[in-house]
Amino acid sequence: MRGKAKVLHMSWIAFFISFVIWFNHASLLVLIQQDLGISETQIEILLLLNVALTIPARVITGMLVDRFGAKISYSVLLAVCSLPCFMFAAAENFTELAWSRFLLGFIGAGFVVGVRIIGDWFPASQVGTAEGIYAGWGNFGSAVAAIFLPGLAFYFGAEHGWRSAIALTGAIALIYSVIYYFSVENLPPEIAALKTRRPMAMEVTSIRDLFLYMLSLVPLYATISLLAWKLSTPATPVLTEGWNLAIHAVVWLLFLIHVFQLVNNNADRLSQPIASIHHYQYRQVFILAIAYLVTFGSKLAVLSMLPMFFFKTFNETQGTSMLDAGFLASSFVVTNVIARPAGGWLSDKIGRKLSLYLFVAGLAGGYCLMAMISARWTILATVAVTLVCSIFMQAAEGAIFAFVPLIKRAITGEVAGIVGAYGNAGAIVYLILLTFVSTGQFFLILGLSCFLLLGLIYYLEEPKNYITEIMPDGTLLKIALD
């Protein structure tokens with residue numbers, strides 16, 4: 001196995017391992033609760049903390065991978081995140097569990113690293129398929145963790161075996177970080193000698209795009225503030241009022257620093273004409289970010305509520321147990337391995353904008369059908385609708401990341417970071433929304449979100465199939481990506 005195929009397989013395995021670690025606690029929570037005596041509320045806090053750091057981590061990692069390259073970024077991420085994994089395995093109380101789980105949220109940023117390196121290695125005619133395989137197969141790590149880690153924990157010993165199982169995932173990440181570093185290169189040989197620019201903040205090509213970029217950062221930082229507020233409420237009193245205010249202050253100080261860095265990085269460039277060959281529209285990034293908020297964000301939210309929804313709907317009429325409901329809910333993610341690569345592949349074949357239109361329209365219809373599920377439905381019909389909805393949703397995610405590497409190659413990491421962060425932010429927004437409406441209304445709102453997204457997709461432009469690079473002597477070279 002050589003060349004781009006090797007890069008693809010080494011990268012999806014790295015992503016797979018990162019997802020195993022990110023969700024290695026989910027199927028072991030009952031054992032952890034029995035061992036340490038933590039409450040149901042504390043379990044809910046752990047689940048919330050697990051995604052809290054991922055939002056800023058994806059933005060930060062996106063900037064770092066553009067500057068330092070995927071090879072060292074993925075290796076360092078896996079190695080460093082193995083440490084809080086070991087901390088979680090060794091925790092003796094809730095405080096230690098909470099801090100280590102919060103820090104482990106950073107490993108969710110691994111996704112954006114692979115998006116960059118695969119975008120560098122694969123031509124435009126194949127990048128959708130490649131990104132779909134990377135994301136679809138890598139995401140399956142969460143399912144593997146749920147299936148195998150409980151059995152592994154009982155193998156090591158029912159009382160404390162969960163510690164050994166989680167520590168083993170950290171050891172695998174640490175070992176693979178070394179393997180990855182010595183197995184891949186950032187760029188294919190034919191463009192490795194080019195002078196690739198890796199700025200510390202995204203470069204935009206117009207004043208309007210600069211303001212749009214700053215505007216697009218606000219929801220990400222606001223979501224982190226929202227999490228801090230949630231963790232200081234009487235229902236989840238993790239933070240005192242003082243800590244809550246301090247976190248808000250730090251979050252918005254970091255926002256101002258980010259904005260200052262962005263303006264400083266672009267001030268000189270925007271004060272003079274920019275060659276048309278370097279132009280791109282940040283509007284593309286913003287629309288894709290909102291699309292990922294609607295698709296991936298709704299997926300995480302639905303996954304959180306679907307087992308309980310199925311249990312409450314069919315328990316009395318068809319005797320569905322909680323175990324049965326969990327199995328039924330798994331139909332919402334089981335298609336990921338095939339549907340997401342298929343979405344990327346179809347984007348390569350019929351066009352990225354058209355395929356995204358089709359998938360989002362199908363997802364809108366799927367959510368409207370799910371809003372009609374009731375106790376009168378059969379299990380077969382319910383699973384069929386859930387599967388159809390899932391296929392369109394996963395394919396839409398694949399189509400979105402068929403776009404991302406072709407917007408502007410030098411900043412693919414940061415583009416992927418912003419788009420990916422919006423997905424996590426979307427999950428929080430939808431889950432909060434769920435607390436105010438019924439499940440039927442919730443699915444209708446998701447469907448409406450998809451219909452509104454169709455209007456935004458109209459303003460997307462099909463990406464160009466070439467990139468511009470700066471040669472060592474300063475001359476420009478246009479490279480076809482077909």
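User: How do the residues of the lining of the second largest pocket divide into nonpolar, polar and charged?

Analyst: Good place to start! Keep in mind that this is a predicted model. The lining divides into 27 nonpolar residues, 3 polar ones and no charged ones.

User: Which residues lie nearest the centre of that pocket?

Analyst: Leu-53, Phe-102, Ile-224, Ile-247 and Val-251 do, out of the 30 residues that line the second largest pocket. Its volume is about 930 Å³.

User: Which helices supply at least two residues of the lining?

Analyst: Those are α3 (40–52), α4 (54–68), α6 (94–104), α10 (207–230) and α11 (241–270). The largest share comes from α11, with 8 residues.

User: Let me step back to the chain. How many helices and strands does it have?

Analyst: There are 18 helices and 2 strands. The chain has 482 residues, and 55% of them are buried. To read how a chain folds, you can also look at contacts between residues at least 6 apart in sequence; here 83% of those join residues at least 24 apart.

User: How should I read a single helix, say α6? Which of its residues are buried?

Analyst: Here is the general idea: an α-helix has 3.6 residues a turn, so residues three or four places apart point the same way. Now the case itself. In α6 the buried residues are Phe-94, Leu-97, Ala-98, Ser-100, Arg-101 and Leu-104. Their cover includes α1 (3–22), α2 (29–36), α3, α5 (70–90) and α9 (161–181). At the start of α6, a side-chain oxygen of Asn-93 comes to within 3.2 Å of the backbone nitrogen of Thr-95.

User: How many disulfides does the structure hold?

Analyst: The number is 0.

User: Why is Cys-81 not bonded to Cys-85?

Analyst: For a disulfide, the two sulfur atoms must be within 2.5 Å. The closest cysteine sulfur to that of Cys-81 belongs to Cys-85, and it is 9.3 Å away, so the two are too far apart for a bond. Cys-368 is in no disulfide either, with its nearest cysteine sulfur, in Cys-450, at 8.3 Å.

User: Is Cys-81 buried or exposed?

Analyst: Buried means under 20% relative accessible area. Cys-81 has 4% relative accessibility, so it counts as buried. Cys-368, at 24%, counts as partly exposed.

User: Can we practise on a serine? Where does Ser-298 lie?

Analyst: Ser-298 lies in helix α12 (residues 282–318). Its relative accessible area is 0%, so Ser-298 is buried. The side chain of Ser-298 reaches the backbone oxygen of Thr-295 at 2.9 Å. Beyond its neighbours within four places in sequence, Ser-298 is in contact with Leu-293, Tyr-367, Tyr-430 and Leu-446.

User: And what does Ser-449 touch, not counting residues up to four places away in sequence?

Analyst: Ser-449 touches Val-294 and Tyr-430. You will find Ser-449 in helix α18 (residues 439–457), where it counts as buried at 16% relative accessibility.

User: One more, please. How far apart are Gly-398 and Pro-341 in sequence and in space?

Analyst: They are 57 residues apart in sequence, while their C-alpha atoms are 6.2 Å apart in space. Gly-398 lies in helix α16 (residues 379–403) and is buried, with a relative accessible area of 1%. Leaving aside neighbours within four places in sequence, Gly-398 is in contact with Arg-340, Gly-343 and Gly-344.

Technical notes: Residues are numbered from 1 along each chain as its sequence is written. This is a predicted model: local features need pLDDT of at least 70, side-chain atom pairs count only at pLDDT 80 or more; totals for chains, interfaces and linings use all residues. Side-chain values use heavy atoms; hydrogens and water are left out. On a 1 Å grid over the protein atoms alone, a cavity is a set of points where a 1.4 Å probe fits but cannot get out, and a pocket is an open set with protein on both sides within 12 Å along at least five of seven lines; lining residues have an atom within 4 Å of a point. Grid points are joined across faces, edges and corners, and a volume is the space filled by probe spheres set on the points. Helices (H or I, at least four residues) and strands (E, at least two) are DSSP runs, numbered from the N terminus. Ala, Val, Leu, Ile, Met, Phe, Trp, Tyr, Cys and Pro count as nonpolar, Asp, Glu, Lys and Arg as charged, and the others, Gly among them, as polar. Buried means under 20% relative accessible area, exposed over 50%, partly exposed in between (1.4 Å probe, protein chains only). A polar contact is a pair of N or O atoms within 3.5 Å; within protein, one must be able to donate a hydrogen and the other to accept it, and residues adjacent in sequence count only if both atoms are side-chain atoms. Contact means heavy atoms within 4.5 Å.
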